[in-house]
Amino acid sequence: MALYLLFESASGYALFHAYGIDEIGQSVDAVRSSVLDLKRFSKAVKLAGFSPFSSAIDALNQCNAISEGIMTDELRNFLELNLPKVKEGKKAKFSVGVMEPKVGSHITEATGIPCQSNEYVQELLRAVRLHFDQFIDQLKPSDLEKAQLGLGHSYSRAKVKFNVNRVDNMVIQAIFLLDTLDKDVNSFSMRVREWYGWHFPELVKIVNDNYLYAKLAKFVTNKSDLSEKDIPALADLIGDEDKAKEIVEAAKASMGQDLSPVDLINVQQFAQRVMNLSEYRKNLYEYLVTKMNDIAPNLTSLIGEMVGARLISHAGSLSNLSKCPASTLQILGAEKALFRALKTRGNTPKYGLIFHSSFIGRASTKNKGRMARYLANKCSIASRIDCYSDVSSSIFGEKLREQVEERLDFYDKGVAPRKNLDVMKAAIEGMTNTASVEGEENGGTSAKKSKKKKSRAEADGDAMDLDKPANTSAAEVEPETEKKKKKKKHKLEEPQDQEMAATGDDETPKKKKKKSRDASADDEPKTATEGKKKKKKSKTAGDD
């Protein structure tokens, strides 16, 4: 059986006829060693056809189709043109070797051409890729490299949809920097306390906050210069006038040693650095909050910015976190304890980074594990919504948070929570309502345009009505003829009604009711003349 090789290059489709290679008795290693030599390979394989791509966009479309396992119309026409024709009702005496098995299966389904993809064919196609520029005369190696580079860039751009506002790498770097800043600020503030404590040891007991202590160390500098005049300024710094008076009184009776002016300047400069670091830490936290609301709004509203950012950084990215099952997310961050428990056959951990959530702290001791499992389930749902949804909104996260709150009440008080289906329906309704409101805001200008178009159409319709008087006259004639017909019918019915009235005393009232019902059902809408005739009938019946 003849073997043809389909090769998809960056410049076009190529079909090779491998007629000098016998698959029987050939191992993969033997083929791999023999195909490296161009002279031997060119004797066994020859070019049967080549179809270049028309443009870079065409090359990108063909590459996307091949990667998804789809045969395009161009590829089908190329194969039908260059492969030998098969008669109806007979099997093909050749097969096509392809690199991708999905493409081969699609070709056989659509055209009936037998395809194969095995190690033997893949080694031959690797050799074709190696010597491809030698088979085509007008194709230079530099041109092929440029085509491959351009197609590679365009293919990667099309596959990776880059959104600047949803880059989770910034969150990972920010949370790492925030943790290191917390450690650094704590160690530097302890150094300030220890350094300035030699001069004013009583200040440590009065002020506990590190940032306020650094502020006071910079403001006071020399304790002997403090007096009652500085109480308002100290009160503005601390926010408490009693503590300001206490600091002034402690400075008067302080047990600390005096420091030289150079030492006090160094302490003051170091305290300023600690203040700057703590202020930068606050700004970095605000930046992290905004980035988390942009990247993972549902996870943020469910579990908080800090815990959500730590989960993303530990998983590596938001997409990795969304791929984790709830059981993995539950113990994320407690890997050492997990493997130690598996090694020693002890109890596995119930929670990892998720322990820092307020929900776990609020749960009772016996329900902490159950609460961690439920919260991990909701976190995995929220991360998947954030990762794969096109519209960023925190509605699902808020609803999931309500579910966790209800589960806490269920564990503590026994209140039955809502069903998950009802909560998700409410979240979807909220999403549709917000989308409709945004659509109305955006469509305000289009509504004005449509109103103008309607007014113009109405004006044109009035003009058309004025141009057609003949139609209206014909419409007026028709009801007149109908009235004449009705008058004739009533004239014929009057003598019959008089006879019925004469013989009506003998009949029962039930029959009269039936007749009146039948008459009301059969009669058409009555005019003013018919009402007058009824009055005349009633008078004649009274005289009789």
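**Exercise 1. In what order do the strands of the open sheet lie, and which strands are at its edges?**

Step 1. In this predicted model, 5 strands make up an open sheet whose order is E3-E2-E1-E4-E5, with mixed pairing.

Step 2. Pairing on one side only marks the edge strands, and these are E3 and strand E5 (115–116).

Step 3. The connections of E4 can then be followed in both directions: E1 and E4 run parallel and are joined by 4 bridges, while strand E4 (residues 94–97) and E5, also parallel, are joined by 2 bridges.

Step 4. At the level of residues, Leu-5 has Gly-97 in E4 as its bridge partner, and Val-96 stands opposite Cys-115 in E5.

**Exercise 2. Which way do the residues of E4 point, and are they buried or exposed?**

Step 1. As a general expectation, side chains in a regular strand alternate between the two faces of the sheet.

Step 2. In E4, Phe-94 and Val-96 point one way, whereas Ser-95 and Gly-97 point the other way.

Step 3. All of these residues are buried.

Step 4. As for a helix packed on the sheet, helix H4 (residues 73–82) lies across E1, strand E2 (12–18) and E3, and runs at about 30 degrees to E2.

**Exercise 3. What parts of the chain does the aromatic pair of Phe-7 and Phe-132 tie together, and how is the pair arranged?**

Step 1. A pair of aromatic rings is described by the distance of the centres and the angle of the planes.

Step 2. The structure holds 13 aromatic pairs, and in the one formed by Phe-7 and Phe-132 the distance is 5.1 Å centre to centre, with 55 degrees between the planes, a tilted arrangement.

Step 3. Because Phe-7 belongs to strand E1 (residues 2–8) and Phe-132 to helix H7 (residues 132–135), the pair ties together parts that are 125 residues apart in sequence.

Step 4. Phe-7 is buried at a relative accessible area of 7%, and Phe-132 is likewise buried, at 1% relative accessibility.

Step 5. Phe-132 also pairs with Phe-50, the ring centres being 6.1 Å apart; the planes are at 55 degrees, so this pair is tilted.

Step 6. This second pair again links distant parts of the chain, since Phe-50 is in strand E3 (residues 45–52) and Phe-132 in helix H7, 82 residues apart. Phe-50 itself is partly exposed, with a relative accessible area of 28%.

Step 7. Taken as a network, ring pairs link Phe-7, Phe-16, Phe-41, Phe-50, Phe-132 and Phe-135 into a cluster.

**Exercise 4. Which residues touch the most other members of the largest nonpolar core, and which helix supplies the largest share?**

Step 1. The largest nonpolar core has 40 residues, among which Leu-288 and Leu-375 touch the most other members.

Step 2. Helices that each supply at least two residues of this core include helix H9 (168–197), helix H14 (261–295), helix H21 (368–388) and helix H22 (395–413). The largest share, 7 residues, comes from H21.

Step 3. Leaving aside neighbours within four places in sequence, Leu-375 is in contact with Leu-302, Ile-303, Ile-354, Ser-357, Phe-359, Ile-360 and Val-404.

Step 4. A second, separate core of 26 residues includes Phe-200, Tyr-211, Tyr-213 and Ala-217.

**Exercise 5. Which charged ends sit over the rings of Tyr-211 and Tyr-213?**

Step 1. Over the ring of Tyr-211 sits the charged end of Lys-282, 4.7 Å from the ring centre.

Step 2. Over the ring of Tyr-213 sits the charged end of Arg-193, at 5.0 Å from the centre.

Step 3. Both tyrosines are also among the members of the core of 26 residues.

**Exercise 6. Where is Lys-419 found, and is this residue buried or exposed?**

Step 1. Lys-419 is in the loop between H22 and helix H23 (420–442).

Step 2. Since exposed means over 50% relative accessible area, Lys-419 counts as exposed at 62%.

Step 3. The C-alpha atoms of Lys-419 and Gln-403 are separated by 8.9 Å, the two residues being 16 residues apart along the chain.

Step 4. For the protein chain overall, buried residues make up 33% of the 544 residues, and the secondary structure comes to 27 helices and 5 strands.

Definitions and conventions. Residues are numbered from 1 along each chain as its sequence is written. This is a predicted model: local features need pLDDT of at least 70, side-chain atom pairs count only at pLDDT 80 or more; totals for chains, interfaces and linings use all residues. Side-chain values use heavy atoms; hydrogens and water are left out. Rings of Phe, Tyr and Trp (its six-membered ring) pair if their centres lie within 6.5 Å; planes under 30 degrees apart count as stacked, over 60 as edge-to-face and the rest as tilted. Buried means under 20% relative accessible area, exposed over 50%, partly exposed in between (1.4 Å probe, protein chains only). A charge sits over a ring if NZ of Lys or CZ of Arg is within 6 Å of the ring centre and within 35 degrees of the ring normal. A nonpolar core is a set of buried Ala, Val, Leu, Ile, Met, Phe, Trp, Tyr and Cys residues joined through side-chain atoms within 4.5 Å. Contact means heavy atoms within 4.5 Å. Two strands pair if DSSP finds at least two bridges between them. Axes are lines fitted to C-alpha atoms, for helices over the stretch in contact, and angles run from 0 to 180 degrees between N-to-C directions.
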